[in-house]
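Good morning, everyone. Please bring up the sequence and the model on your screens. I will start with one contact and then step back.

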Amino acid sequence: MKLMEMVGVLFLPSLFVAGMATGILCGVPGWMSEGGVSTVLLGLLVFQVGMGLGSRGDFSDIVRTVSFRTLLLPGFTVAGTVAASAMGCVLLPGVDMADCMAVGSGFGYYSLSSMLILQFKTPVEGVDAATLLASTALLANIIRELAALMLCAYVSRSGRGVMAIIHGVALEVSVPLLLMIFC
């Protein structure tokens, strides 16, 4: 693995560890812990992803290739992930099946899923339980993202770039919907 690839793979976990260390050593100001800043930044991030996708010169070609058959891969990804996540409650006695499915429904979108789980679960189960579930989702999705980054070289050689874009968009749209259901 080249140095720049290693830096890319280690960048997000390094930021996560740095954030934890800062929280432990310095604490978090009240205005940041209330979620307003995180929600705005997350919204800007999702907007930027949409803007980047929409500005692609071949975006209209990509949209034209979407068919029922094209949507089978993200559909099976969602169904398989939710089913496997539901089986997590068998391996983890005492953990609610809906919570397992919520953690699994992040699809690697660690910031999006963690913030939504925290937002949806806090009024229902309280801050402590919501924070625990959101942290679990964050770690699971960081691991999933690292695996995806490591497999990028292989997938890019297969020539399935359009399919990957459609798959990514479909999964990103499904995250908030699934989390509303499971939380």
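Look for Lys121 and Asp99. Their side chains meet in a salt bridge, at 2.8 Å from N to O. Lys121 sits in helix H8, residues 110-125, and Asp99 sits in helix H7, residues 97-104, so the pair ties together parts that are 22 residues apart in sequence. A quick reminder of the chemistry: side chains of opposite charge can pair when their charged atoms come close. Please keep in mind that this is a predicted model.

Now, are Lys121 and Asp99 buried or exposed? Both are buried. For Lys121, the relative accessible area is 4%. The cut-off for buried is under 20%, so Lys121 qualifies.

Stay with Lys121. Which residue forms a salt bridge with Lys121, with the closest N and O atoms 2.8 Å apart? That is Glu125. Glu125 and Lys121 are four residues apart in helix H8, so about one helical turn separates them. Glu125 has 38% relative accessibility and counts as partly exposed. Put the contacts together, and Asp99, Lys121 and Glu125 are linked in a network of salt bridges. How many salt bridges does the structure hold? Two.

Let's zoom out to the whole chain. The secondary structure comes to ten helices and zero strands. Read from the N terminus, every element is therefore an α. The C-alpha atoms fill a box of roughly 45 × 40 × 30 Å along the principal axes. What about the radius of gyration? With 183 residues, a compact globule would come out near 16 Å; this chain has 18 Å, which agrees. Buried residues make up 28% of the 183 residues.

Next, two of the helices. Helix H1 covers residues 3-26, which is 24 residues. Its first and last C-alpha atoms are 32 Å apart, close to the 34 Å expected at 1.5 Å a residue. Where does H1 bend by about 40 degrees? At Phe11, and the proline Pro13 follows within four residues. Just after H1 comes Gly27, with a positive phi of about 80 degrees.

Now go to helix H10, residues 161-182. Its 22 residues should span 32 Å at 1.5 Å a residue, and its end C-alpha atoms are 31 Å apart, which agrees. H10 has a kink of about 30 degrees at Val175, shortly before the proline Pro176. Val175 is also one of the buried residues of H10. Others on that list include Ile165, Ile166, Leu171, Leu178 and Phe182. The list also includes His167, Glu172 and Ser174.

Let's move to the surface. Val90, Leu91, Leu92 and Val95 form a nonpolar patch there. Together they have about 400 Å² of accessible area. Leu91 lies in helix H6, residues 88-91. Why does Leu91 count as exposed? Its relative accessible area is 70%, and the cut-off for exposed is over 50%.

One last stop: Gly57. You will find Gly57 in the loop between helix H3, 36-54, and helix H4, 59-64. At 75% relative accessibility, Gly57 counts as exposed. How far apart are Gly57 and Val103 in space? They are 35 Å apart, C-alpha to C-alpha, with their positions 46 residues apart in sequence.

To close, go back to where we began. Find Asp99, Lys121 and Glu125 once more, and trace the salt-bridge network that links them.

Terms used. Residues are numbered from 1 along each chain as its sequence is written. Side-chain values use heavy atoms; hydrogens and water are left out. Patches are made of residues with over 30% relative accessible area and no salt bridge: like charges are joined within 9 Å, nonpolar side chains (Val, Leu, Ile, Met, Phe, Trp, Tyr) within 5 Å. Accessible areas come from the Shrake-Rupley method with a 1.4 Å probe; for residues, only the protein chains shown count as cover. A salt bridge is a side-chain nitrogen of Lys or Arg within 4 Å of a carboxyl oxygen of Asp or Glu. Helices (H or I, at least four residues) and strands (E, at least two) are DSSP runs, numbered from the N terminus. Buried means under 20% relative accessible area, exposed over 50%, partly exposed in between (1.4 Å probe, protein chains only). The expected span of a helix is 1.5 Å times one less than its number of residues. The bend at a residue is the angle between axes fitted to the seven residues ending there and the seven starting there. The radius of gyration is taken over C-alpha atoms; the globule rule is 2.2 Å times the number of residues to the power 0.38.
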